[in-house]
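Reader: I have a two-chain model open at my bench. Could you walk me through it?

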Amino acid sequence: MLDFTQLNASILPEIILVLAAIVILLIEGFQKKLNKYCSLIALIAVVGLIYYLISIWNSNLKGFYAGVVLDNFALFASLIYLLSAALIILSAVHFLDIKKIESGEFYALLLIAVAAMIFISSANDMITIFISLEIFSICLYVLVGYDRNSVRGVEGAIKYFILGAFSAGILLYGIVLIYGAVGSTNLEALSKIQGLEMSQKILLYFGAGLVLVGLGFKISLVPFHMWTPDAYEGAPTVITAFMAAATKTAAFSVLIRIFVINLPSHEISLEWILWILAIVTMTVGNFIALSQENIKRMLAYSSIAHAGYITVGLVGASGNREAGNVMYYLIVYAMMNIGAFLVIAHLERGKDFLSALHYKGLAYKNTFLALALSWFLLCLAGLPPTSGFLAKYYVFLAAVEKGYTILVIIAVLNSALAAYYYLRIIVFMWMHGKEEGKALVKGEETWSLISMTAIVIALLLTLQLSFMPSRFLQLALSF
Amino acid sequence: MESLLFWFFAIVAVAGSIMVIAQRRAIYSALSLIIVLCSFAGFFFLLGASFVAAMQVIVYAGAIMILFVFIIWLLGLRTGEEPAIKMKWFYLAIVFCLLIGAQLFYIFVTNFKEVVLERSTDIKEISKVLLGKYVIPFELTSILFLAALVGAFYLAKGKGKAEK
């Protein structure tokens with residue numbers, strides 16, 4: 001029968017998050033006065049869990065007939081979701097206030113989404129993976145359209161919803177075909193298969209390909225990226241940050257768990273498909289980003305390009321060590337991207353402050369924010385002293401070691417190209433006149449300590465990832 | 001007898017599916033979908049999964065389709081002006097249908113790995129599997145419903161004035 005000690009420990013983080021979400025919903029429903037404590041409850045749950053997860057490192061909890069495996073890989077992915085969620089919650093307090101959006105359901109849906117993401121990373125069964133994916137997708141569909149007064153938000157939400165529902169169907173079809181080939185939905189059973197017949201192999205190829213397509217929608221690989229710019233632009237900026245960081249990590253962690261760790265490479269190899277997807281994704285993402293004026297759209301295309309770089313890491317990955325490199329890239333990417341979006345959210349006053357031109361002369365208006373944004377953009381561009389460079393270096397090195405030199409050359413050329421649109425914003429901020437800045441940075445200066453704290457924390461984390469990465473690298477390479 | 005029933009359900013299902021996308025009126029499409037779902041229930045019954053067959057009829061053909069029909073009536077979608085199938089995408093669709101059809105044909109003529117659910121007819125056994133091996137996905141669906149409920153409630157409540 002069920003072993004209750006393990007049962008509780010392996011899904012404890014999710015239980016806490018869902019409970020916190022329910023408490024928030026009850027407060028929202030029955031005690032409107034206590035509304036302002038919702039964010040506090042969410043924050044306590046998330047920060048507490050960060051400490052808890054670090055304390056259970058290396059414990060490899062298993063439960064539910066090995067259907068849930070909270071190993072170091074899952075813990076590291078969970079750490080990324082929780083760190084992202086903590087920063088988003090801090091920043092959202094101010095953001096929702098300014099935009100006059102109701103807050104109750106926001107935190108509840110965010111916490112449920114994080115719980116589902118932890119589930120998806122620790123799931124060892126494809127049914128659990130599918131249902132968790134659906135849970136956080138549904139939360140995100142709602143959160144993208146959370147500002148009901150914004151037409152663009154609703155448009156983005158509907159596009160995301162329809163394409164997301166379609167991709168979920170494709171993913172499920174892929175899972176069914178893999179089940180047909182292998183006879184089990186458990187990933188451990190998948191890793192043990194050998195000596196498949198030709199017909200089963202074809203089934204497995206079709207199934208794995210469809211799973212790749214279904215997850216490709218979530219990480220916006222290029223033929224499946226159509227929803228990304230609209231959803232990213234329409235969503236409240238803090239949610240855009242969360243989607244770019246946490247959703248991508250969740251889908252990539254599933255890809256790693258299925259394709260790198262569990263799918264036996266002697267039976268089936270999808271590297272050449274990933275190879276093509278990686279090249280197309282980075283190139284298209286970067287080229288379209290070059291011509292974007294809206295800064296959120298630009299970062300949306302930049303996130304597509306980064307998905308391409310991470311896919312290079314997947315191509316180069318053949319075991320746990322390389323998977324660690326990819327996870328390190330993901331945490332670096334999550335932190336710098338969230339940082340950039342938080343600065344944008346902080347500066348955003350209505351929809352007028354999203355064009356790149358508005359950032360002209362920002363350095364003279366608010367030097368700290370300009371410094372922070374410059375740092376995050378340098379990280380995203382991957383220039384040498386930053387964590388972005390370090391992460392790219394590890395990922396590309398693994399690919400070169402595996403013999404994918406052409407792929408890495410294209411990736412490096414792409415990063416050089418990408419530097420243009422990041423540096424353009426920095427030039428706008430620092431090298432344009434004081435007067436221009438004053439003319440364009442209008443609106444009353446609202447200064448929020450909490451939102452500023454979030455930016456400072458993101459800044460400190462990216463600084464640590466850049467200059468003292470050993471602690472995070474140790475964690476990332478420990479599975 | 002069994003193969004006769006199979007072909008009967010198969011023809012009804014395919015014909016019903018074509019009706020779903022070819023009808024101009026939304027309500028006819030919805031009613032055709034009920035036919036499709038009922039014939040699916042027939043397939044499950046033929047496979048010996050009588051519980052799944054019953055669920056298919058009660059949940060899909062019963063509850064969910066009633067909601068469809070209600071929503072169509074409430075929205076007043078009585079006539080569709082445009083033909084349901086757009087010719088622009090027709091040929092592309094045929095290509096993809098043939099691709100998937102060929103794939104499925106190949107799967108069925110070659111040997112499919114036998115994954116027969118031996119004891120699936122018994123509701124007791126189903127509940128044992130659901131609350132044993134698959135307890136996590138089973139419980140997760142309740143969180144899925146919670147999230148969907150909260151989300152739907154939030155999006156539908158109150159009236160936000162849309163900006164231009």
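Reader: How many residues does the contact take from chain A and from chain B?

Author: Happy to help; some ground rules come before the count. This is a predicted model, where local features need pLDDT of at least 70, side-chain atom pairs count only at pLDDT 80 or more, and totals for chains, interfaces and linings use all residues. Residues are numbered from 1 along each chain as its sequence is written, chains are lettered from A and ligands numbered from 1 in the order in which they are written, and side-chain values use heavy atoms, with hydrogens and water left out. With contact meaning heavy atoms within 4.5 Å, chain B gives 36 residues and chain A gives 45 residues.

Reader: What area do chain A and chain B bury between them?

Author: The size of an interface is often given as the accessible area lost when the parts come together. Here buried area is the accessible area (1.4 Å probe) that two parts lose on being put together, summed over both. Carbon and sulfur atoms carry 70% of the area between chain A and chain B, and the total is about 3,500 Å².

Reader: How many residue pairs are in polar contact across the interface of chain A and chain B?

Author: A polar contact is a pair of N or O atoms within 3.5 Å; within protein, one must be able to donate a hydrogen and the other to accept it, and residues adjacent in sequence count only if both atoms are side-chain atoms. Across the interface of chain A and chain B, both pairs found are at pLDDT 80 or more, and the count is two.

Reader: Which helix supplies the largest share of the side of chain A that touches chain B?

Author: Helices here are DSSP runs (H or I, at least four residues), numbered from the N terminus, while strands are runs of E with at least two residues. Helices H2 (12-30), H5 (104-122), H6 (126-144), H7 (151-182) and H9 (198-219) of chain A each supply at least two residues of that side. The largest share is nine residues, and it comes from H6(A).

Reader: How many helices does chain B have?

Author: The pattern along the sequence of chain B reads α-α-α-α-α-α. UniProt, in an unreviewed entry, lists residues 6-23, 30-51, 57-77, 89-109 and 134-156 of chain B as "transmembrane region"; its positions are given in the numbering used here, feature names are shortened, and annotations may be inferred rather than shown by experiment. In the model, residues 6-23 of chain B are 94% helix, with end C-alpha atoms 25 Å apart. Chain B has zero strands, and its helices number six.

Reader: Which side chain joins Ser121(A) in a polar contact of 2.5 Å?

Author: Ser121(A) sits in helix H5 of chain A and counts as buried (under 20% relative accessible area, with exposed over 50%, partly exposed in between, 1.4 Å probe, protein chains only), because its relative accessibility is 1%. Not counting residues up to four places away in sequence, Ser121(A) touches Ala74(A), Ala77(A), Tyr81(A), Ser253(A) and Arg257(A). The 2.5 Å side-chain partner is Tyr81(A).

Reader: Why does His306(A) count as buried?

Author: His306(A) lies in helix H13 (residues 295-316) of chain A. Leaving aside neighbours within four places in sequence, His306(A) is in contact with Tyr329(A), Tyr333(A), Met336(A), Leu380(A) and Tyr422(A). His306(A) counts as buried because its relative accessibility is 0%.
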